[in-house]
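Me: I would like a close look at a single part of this model, namely one of its charged pairs. Please take me through that part carefully and then set it within the rest of the chain.

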Amino acid sequence: QLSDEQRHSEAEIADARGLVAEARQEQAAVVGEMEDRIAAAFHAVDESRDALVQAHAANADAANGVELATLRDELGTALSQRRSAFVALERAMEKKKELLC
């Protein structure tokens, strides 16, 4: 038969084992929560990277749009100048005709 001291020691050992098991469960819960937070942070980084890529693409599109608008304006100016040159050429040809006649 066990002495009172041995029973008391075994009870303390069982209590300690129970406390260790509780601590391990709490530790596992904390680790799980931290893993979830880390996963959420990586997800947020991925989303922000995707948003940055989309913003860069939109910026490039906008820059292309501005460039196209500028080119369109320049083309319009060039066409207007060409029309003016043709009008001036027609007038010059008419004057030449008048002078030759």
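Reply: D46 is a sensible place to begin, and because its relative accessibility is 33%, it counts as partly exposed. Please keep in mind throughout that this is a predicted model. The partner of D46 is R49, and the two side chains meet in a salt bridge with an N to O distance of 3.1 Å. R49 is likewise classed as partly exposed, because its relative accessibility is 46%. As for their placement along the chain, D46 and R49 are 3 residues apart in helix α1, and therefore about one helical turn separates them. Side chains of opposite charge can pair when their charged atoms come close.

The pair belongs to a set, since the count comes to 3 salt bridges in total. Towards the start of the helix, D4 forms a salt bridge with R7, where the closest N and O atoms are 2.9 Å apart. D4 and R7 are 3 residues apart in helix α1, which again places about one helical turn between them. Here D4 counts as exposed, because its relative accessibility is 60%, whereas R7, with a relative accessible area of 46%, is partly exposed.

The remaining bridge joins E33 to R37, with the closest N and O atoms 2.8 Å apart. Both residues lie in helix α1, with a spacing of 4 residues, or about one turn of the helix. E33, at 41% relative accessibility, counts as partly exposed, while R37, with a relative accessible area of 51%, is exposed.

The helix carries nonpolar side chains at its surface as well, for V30, M34, I38 and F42 make a nonpolar surface patch of about 390 Å². Of these, I38 is found in helix α1, which spans residues 4–100, and I38 counts as partly exposed because its relative accessibility is 45%.

Turning to the whole chain, the protein has 1 helix and 0 strands, and its C-alpha atoms fill a box of roughly 145 × 10 × 5 Å along the principal axes. The radius of gyration is 43 Å, whereas a compact globule of 101 residues would have one near 13 Å. Of the 101 residues, 0% count as buried, and the protein exposes about 9,300 Å², with carbon and sulfur atoms supplying 59% of that area. Finally, the protein has 12 positive and 20 negative charges, and the mean positions of the two sets are 25 Å apart.

Key. Residues are numbered from 1 along each chain as its sequence is written. This is a predicted model: local features need pLDDT of at least 70, side-chain atom pairs count only at pLDDT 80 or more; totals for chains, interfaces and linings use all residues. Side-chain values use heavy atoms; hydrogens and water are left out. Patches are made of residues with over 30% relative accessible area and no salt bridge: like charges are joined within 9 Å, nonpolar side chains (Val, Leu, Ile, Met, Phe, Trp, Tyr) within 5 Å. Accessible areas come from the Shrake-Rupley method with a 1.4 Å probe; for residues, only the protein chains shown count as cover. A salt bridge is a side-chain nitrogen of Lys or Arg within 4 Å of a carboxyl oxygen of Asp or Glu. Helices (H or I, at least four residues) and strands (E, at least two) are DSSP runs, numbered from the N terminus. Buried means under 20% relative accessible area, exposed over 50%, partly exposed in between (1.4 Å probe, protein chains only). The radius of gyration is taken over C-alpha atoms; the globule rule is 2.2 Å times the number of residues to the power 0.38. Lys and Arg count as positive and Asp and Glu as negative; His and the chain ends are not counted. The place of a charge is taken as NZ of Lys, CZ of Arg, CG of Asp or CD of Glu.
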